[in-house]
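Q: Could you take a close look at one part of this model for me, the nonpolar packing, and then place that part in its surroundings? I'd like one connected walk-through.

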Amino acid sequence: MHGRLKVRTTAEQQEIKAKERAKKLAVYKVAMDRIFSKRKSGELDDEILKITGQVLTENPDISTLWNIRKETIVKIKNTTPDLVDNYVSKELTLTEQCIRVNPKSYNSWFHRSWVLDKGSNIDFQAEFLLCDKCLELDERNFHCWDYRRIIVQMSKTPLENELQFSTNKITKNFSNYSSWHYRSELLPRIYPSSSGDTLLDDQKLAEECNLIQNAIFTDPNDQSAWFYQRWLLFTKKETNSTENSGFLSVLNDELESCQQLRDLEPNNKWVILQVCELLRRIDSLGNKKEILQLVSQLTKVDPLRRGYYAYLGSKIEEEKQKKTIPE
Amino acid sequence: MGEDIPSPCDLIVVGTGLVESIVASAASRIGKQVVHLDHRDFYGSSWATFSFNSLKNTLGLIDEFKEHTTQSQKEASDLNISLNSKAVCNAIEKWFILDECKTENDDSHQECEASRGKTSRITWTKSELLKNSRKFNFDLSPKLLYSRGEMVEVLINSGICRYAEFKNVSGIYTFDASEGCLLPVPCSRADVFNSKDISMVEKRLLMKVLAMCVDYENKPEEFKEYESGNFDNFLNAHKIQGKIRKYLVDSVAMANDSTNFQDAVKNVQKICAKCSAVFGGVYCLKRNTENIIIGSDGQAIGIVSDNQKLMARFILIEDCLNPLAIIKSGISRAILITDRSITNNDQVAIITVPSANGKDPVRILELSASTMACPPGLYVVHLITRQVTTAVEDLREVIDAVFCSGEKEALDKPNIIWSLHFNINEYDSPEGKLPSNVYSCPGPDLFLDFDDHVIKARNIFQSMYPGEDFLPKVPDPEDVVLEDSSEDIVQENP
């Protein structure tokens, strides 16, 4: 072997890349011209699908091309409805390819959900598999979560399955707003409260409280856990029905836990804030002094948000004035 | 292979164990001419991996191997290499199943199967196993890669990782002898969150310590008072007691009473980056080496190999062949083939069995068929501990506690189908006795990872070639061009 090995320099690499880009641009121009001329003459046919498909695979975010495809599918549905399913499955394949290239492309996801509506025989299991896969790659892909909600509705999947899905996701990684949010949407529908007061059935509420406590103790710095707990404890159907003593005891239990955590993490703003909020809900008037002390502590521990804490402090002062003294 | 060995060369490497092989490849990488020999007929020395049959043959061979003496070219000052030193020794094999197949399907057997709720299981026989010999891969020294460890750096930089497949350790456990059961060790956030047998407060304390250790380099001031002490003090100060202390000490920090703080923290960091794999395999030529030739200035000038003189600037030799090495300690090992997993669903599990009376813990590494260690339906279990007497004695208690080896099949314990016990010697190479251009490379040790060995390899390399890059990154193949080929074409187009 007499040829010597040489490594390309950066300049040479850039030159090669520039040539490749120029080639791509030329091909793109030709394709777009053809597409628009066909549309102008009303030729919404297989060829237009082919060319738009080629361009979209390279660049999935050209909304116009997706819409042209939609026009074509509608035309097919109106003229030859028995062939539509075939085209629908081609759209599913194309959107899946595009999603691989860019999992956050608005157009691809929307087109997919639009197309589902047009077919008569959708394999929802495959759709769920796609969702699972995408969420595994990126747990916070909201496009995928939205799409999941759509297919759950369309396929009339039992909500318990979805709750299990949310549980699986949380088991793997509890630092995920999207999973907790999904859970918060499902739970009130599956386990509604028997009384009018609380959000959830009592037993389920207790289970969820326990679950979220695990998250909070494992990592008190994780915001998503705290927000879920706030939703669990502080979302009320009516205002200020602390006559429900059952719920009051739940709040007191949570307060005790939080104080325990505070002993371990005295300077964690989330813990202090939660103690504040709990004290407010339990007895805003009676605990006022302690709450205000905590608020001032918060301002020291988390000075970047002192505006918020000042506002919180003033709200509490006001509450004292509005509230009538219970007998 | 091996007829035209170049001489003189830059580096002769005798033995194909891990350390010497890493140095050999690092030397080739910077353009040195390396001659790499091994007297055995397999690669890897005490690190090697074998199929069923070749394992038995190899261990049998070592017992019978007789050194063929070629004293003819030996000078008085030369160092004679002891080829029959057995680093791997005391091999004892035992079968727990029958030779012959059970020909009839007796009803009682089928009922028994059904009552366990298992689908039909192959009843393994000796001949069945031996027929599947190639589907077994037994490591003499199974190891793990810590994802933040030294070995991973080496693999990535050298590009070797392109040729390997990796499997995650899916479960880390400790064995609770008093309860006779496995406890999963939580060492990641998800583990701690999901754990059902520690309290909320314990979760917080454990996570706090884990996070501190992982972040150690960034916040040294938090550790000032503990740095020179031992790990125990650190744990006491952070209120780590009871169950979580067991987990941390036994399985995560892999420490004992006297472990110093620095070492423990390093281990915690590694385990917490929890993404490890089982890896093995090296490469070589096949050649005997009789002597190291010493010149008049006390430096080595070469070796005598199969009666041929080979000259080199540096010589590496694996420590079991080092004529000046002494046996300092040993490793007791066992390899078992079992019929089901100790855990429920793990593909690679590490289980630590801490010892009550100050002895060393026993580490168990269980591999399922998905790691290519054995055919589907079976498991390969490796046991490792410090040698006290022999492997059979050292591991008897743990094996009896965790596995079933009797005739009566226990419902909850995995049954042993075949076992092999052996010891591996660990050597000490006395400082300053070898010529300064001869390096002795350590064989496998007790620890689950390679990192010390990588560091040792790097040190040897840097001692031989100061200032040179140790396994620098390989350029992207796409950017490598053969001159007088496409170069011209690139420049032609305007």
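What follows is a look at the packing, then at the chains around it.

A: Sure thing; keep in mind that this is a predicted model. The place to start is the largest nonpolar core, a set of 72 residues in which Ile212(A) and Leu232(A) have the most contacts. Helix α13 of chain A, residues 269–283, gives the largest share of this core, with nine residues. If you zoom in on Leu232(A) and skip residues up to four places away in sequence, you'll find it touching Leu200(A), Leu205(A), Glu208(A), Cys209(A), Ile212(A) and Phe247(A). So Leu232(A) and Ile212(A), the pair with the most contacts inside the core, also touch each other. There is a second, separate core as well, with 62 residues, including Phe223(B), Leu235(B), Phe422(B) and Leu448(B). As background, nonpolar side chains in soluble globular proteins tend to be buried together.

Now zoom out to chain A. Its secondary structure comes to 15 helices and one strand, and 45% of its 327 residues count as buried. The radius of gyration of chain A is 28 Å, whereas a compact globule of 327 residues would have one near 20 Å. Along the principal axes, the C-alpha trace of chain A spans about 85 × 60 × 40 Å. Take the contacts in chain A between residues at least 6 apart in sequence: 61% of them join residues at least 24 apart. On the outside, chain A has an accessible surface of about 18300 Å², with 52% of that belonging to carbon and sulfur atoms. As for charge, chain A carries 49 positive and 48 negative side chains, and the centres of the two sets lie 8 Å apart.

Chain B has 13 helices and 18 strands. Of its 494 residues, 49% count as buried. For chain B, 72% of the contacts with a separation of 6 or more come from residues 24 or more positions apart. Its accessible surface is about 23500 Å², and carbon and sulfur atoms account for 49% of it.

Two backbone spots away from all that packing talk are worth a click. Lys156(A) isn't a glycine, yet has a positive phi of about 50 degrees; this residue sits in the loop between α7 (142–155) and α8 (159–172) of chain A. Lys156(A) counts as exposed because its relative accessibility is 70%, and the cut-off for exposed is over 50%. Over in chain B, Met372(B) has a positive phi of about 70 degrees, again without being a glycine. Met372(B) lies in the loop between β14 (362–367) and β15 (379–386), and with 59% relative accessibility it counts as exposed.

Key:
Residues numbered from 1 in each chain as written. Chains lettered and ligands numbered in written order. Predicted model: local features only at pLDDT ≥ 70, side-chain atom pairs only at ≥ 80, totals over all residues. Heavy atoms only, no water. Helix = DSSP H or I, 4+ residues; strand = E, 2+ residues; numbered from the N terminus. Rg over C-alpha atoms; globule rule 2.2 N^0.38 Å. Buried < 20%, exposed > 50% of the residue type's maximum accessible area, 1.4 Å probe, protein only. Contact = heavy atoms within 4.5 Å. Areas by Shrake-Rupley, 256 points an atom, 1.4 Å probe, with all protein chains shown as cover. Lys, Arg positive; Asp, Glu negative; His and termini not counted. Charge placed at Lys NZ, Arg CZ, Asp CG, Glu CD. Core = buried A, V, L, I, M, F, W, Y, C linked by side-chain atoms within 4.5 Å.
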